[in-house]
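Let's work through a few short exercises together. Have the model open beside you as you go.

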Amino acid sequence: PGLSTKTPKDCPPGHYCPAGTASPIACPSGTFSNRAGLTKVSECMECPAGSWCVGGEKVECEKGFYGKFAGEGSQKSCSMCPSASETADTGSSSVDQCYCK
């Protein structure tokens, strides 16, 4: 009985599993993956503008907020639209997507 090794097909989305690891490793803050089977941290993708990424998962900025920078790892990166305005949907990446209510 030795250390079990995850095979790429067992590695869940949002994680990578280098050869010889016993447990999946989450993609670093500011990156994510929606694909399973990653073997290298470099396969994690940069979080796009309009969202933030933590634990290997991408979360879009809420309606009424926008995120203008890619690679963010905190909800604090989402800025609120100016007073009396909102966005049409989640995941907005520019103040230009805010419109008057």
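Three exercises with worked solutions follow.

This is a predicted model, in which local features need pLDDT of at least 70 and side-chain atom pairs count only at pLDDT 80 or more, while totals for chains, interfaces and linings use all residues. Residues are numbered from 1 along each chain as its sequence is written, and side-chain values use heavy atoms, with hydrogens and water left out.

**Exercise 1.** Work out how strands β5 and β6 are joined.

*Solution.* Start with the elements: strands are DSSP runs of E with at least two residues, numbered from the N terminus. Strands pair if DSSP finds at least two bridges between them. Here β5 (residues 51-54) and β6 (residues 57-60) run antiparallel, with four bridges. Next, find W52, which stands opposite V59 in β6. Finally, look at the turn: two residues separate the strands of this hairpin, and G55 has a positive phi near 65 degrees.

**Exercise 2.** Find out where A84 lies and what sign its phi has.

*Solution.* Go to the loop between β8 (79-80) and β9 (85-87), where A84 lies. Its phi is positive, about 65 degrees, although A84 is not a glycine. For background, most residues other than glycine have a negative phi.

**Exercise 3.** Decide whether T31 is buried or exposed, then trace its surroundings.

*Solution.* First, locate T31 in strand β3 (residues 31-32). T31 counts as buried because its relative accessibility is 17%; buried means under 20% relative accessible area, exposed over 50%, partly exposed in between (1.4 Å probe, protein chains only). Then list contacts (heavy atoms within 4.5 Å): beyond its neighbours within four places in sequence, T31 touches C44, M45, E46, C47, C53 and G56.
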